[in-house]
Amino acid sequence: MKTAYVFPGQGAQFVGMGQDLYNLNDETKALFEKANDILGFRITDIMFTGTDDQLKQTNVTQPAIFLHSVILAKALGDQFKPDMVAGHSLGEFSALVSAGALSFEDGLKLVSQRANAMQRACELEPSTMAAILGLEDAVVEEICSKVDDVVVAANYNCPGQLVISGSISGVDKACALLTEAGAKRALKLNVGGAFHSPLMEPAKVELQAAIEAVEIKTPICPIYQNVDASSYTDAETIKKNLIAQLTGAVRWTQTVQNMLHDGAEAFVEVGPGNVLQGLVKKVNRQVQTSAAGIAE
């Protein structure tokens with residue numbers, strides 16, 4: 001039976017996340033402490049006992065979710081035998097580390113740099129995102145293309161759920177048009193900026209050199225990358241796709257469809273929350289989904 005391991009992105013965080021992993025054994029505790037040293041602040045304090053507001057800061061959220069996912073995958077030991085991996089946005093970095101393509105240290109540094117670069121890009125221009133429910137992807141794409149401000153399809157989460165991203169006026173105009181076109185909901189999201197849109201270009205430029213300089217090895221299994229939902233094992237191509245990811249769309253629906261097409265029969269979510277299990281089920285109700293867990 002082919003098993004796909006999938007790694008969540010921003011939004012899956014919760015206060016208390018990772019505490020059980022920290023207390024699991026000396027090895028997991030050492031990884032969290034190493035992360036505190038690399039980041040230069042005690043992210044574990046915020047993860048375990050901080051406030052929702054502290055955890056919601058992009059420079060905390062992204063490394064926190066990455067650490068939860070990657071340390072959980074390491075703690076699974078021999079149980080972690082992926083036939084294929086994928087991650088939603090930030091989760092792509094967790095997937096790469098877990099599949100042996102990136103070292104823990106390099107992965108964490110890149111995630112931290114990515115979070116800070118995205119935060120700075122958000123501060124350059126007020127921008128936002130909105131979830132559009134109940135319309136075909138092609139309709140959303142067409143309407144966005146007609147708006148005279150920056151607005152694009154950003155996250156293809158599952159059939160009938162597409163997140164758009166852009167300038168505040170662009171997203172507002174698109175939401176009005178999409179509602180007229182029959183969207184069940186056009187719901188603005190509580191995010192700091194227009195992720196996966198052209199407005200992330202400054203972050204892409206900032207991160208490109210860091211990604212190009214890092215060592216990426218051949219992963220233990222194919223990784224399905226966000227930008228085109230295709231599977232890769234070639235290090236240089238993986239790097240190019242990681243750079244393109246910041247301004248490109250997260251093609252999650254297509255990723256799950258491609259993994260199913262390639263024989264995935266079970267999906268295991270590695271990290272906080274269960275968002276991805278729900279999205280996988282919306283693509284195919286029959287497929288088996290579960291959360292990765294450590295035997296006590």
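This passage describes the overall build of one protein chain and then turns to a single glutamate, E92. The model is a predicted one.

A good place to start is the fold as a whole. The protein chain contains 13 helices and ten strands. Its radius of gyration is 18 Å, close to the 19 Å that the globule rule gives for 296 residues, so the chain is as compact as a globular protein of that length. Taken along the principal axes, the box filled by the C-alpha atoms is roughly 55 × 40 × 35 Å.

Inside this outline, buried residues account for 53% of the 296 residues. Contacts across the sequence can be followed too: of those between residues at least 6 apart, 73% join residues at least 24 apart. Turning to the surface, the protein chain exposes about 12400 Å², and 49% of that area is supplied by carbon and sulfur atoms. As for charge, there are 23 positive and 34 negative side chains. The centres of these two sets lie 2 Å apart.

One negative residue invites a closer look. E92 sits in helix α6, which covers residues 91-98. This glutamate is buried, yet E92 has no salt bridge. The nearest side chain of opposite charge belongs to R114, 7.9 Å away, whereas a salt bridge calls for a side-chain nitrogen within 4 Å of a carboxyl oxygen. What does E92 touch, leaving aside residues up to four places away in sequence? Its partners are G87, I223, Y224, Q225, N226, L242 and Q245.

Definitions and conventions
Residues are numbered from 1 along each chain as its sequence is written. This is a predicted model: local features need pLDDT of at least 70, side-chain atom pairs count only at pLDDT 80 or more; totals for chains, interfaces and linings use all residues. Side-chain values use heavy atoms; hydrogens and water are left out. Helices (H or I, at least four residues) and strands (E, at least two) are DSSP runs, numbered from the N terminus. The radius of gyration is taken over C-alpha atoms; the globule rule is 2.2 Å times the number of residues to the power 0.38. Buried means under 20% relative accessible area, exposed over 50%, partly exposed in between (1.4 Å probe, protein chains only). Contact means heavy atoms within 4.5 Å. Accessible areas come from the Shrake-Rupley method with a 1.4 Å probe; for residues, only the protein chains shown count as cover. Lys and Arg count as positive and Asp and Glu as negative; His and the chain ends are not counted. The place of a charge is taken as NZ of Lys, CZ of Arg, CG of Asp or CD of Glu.
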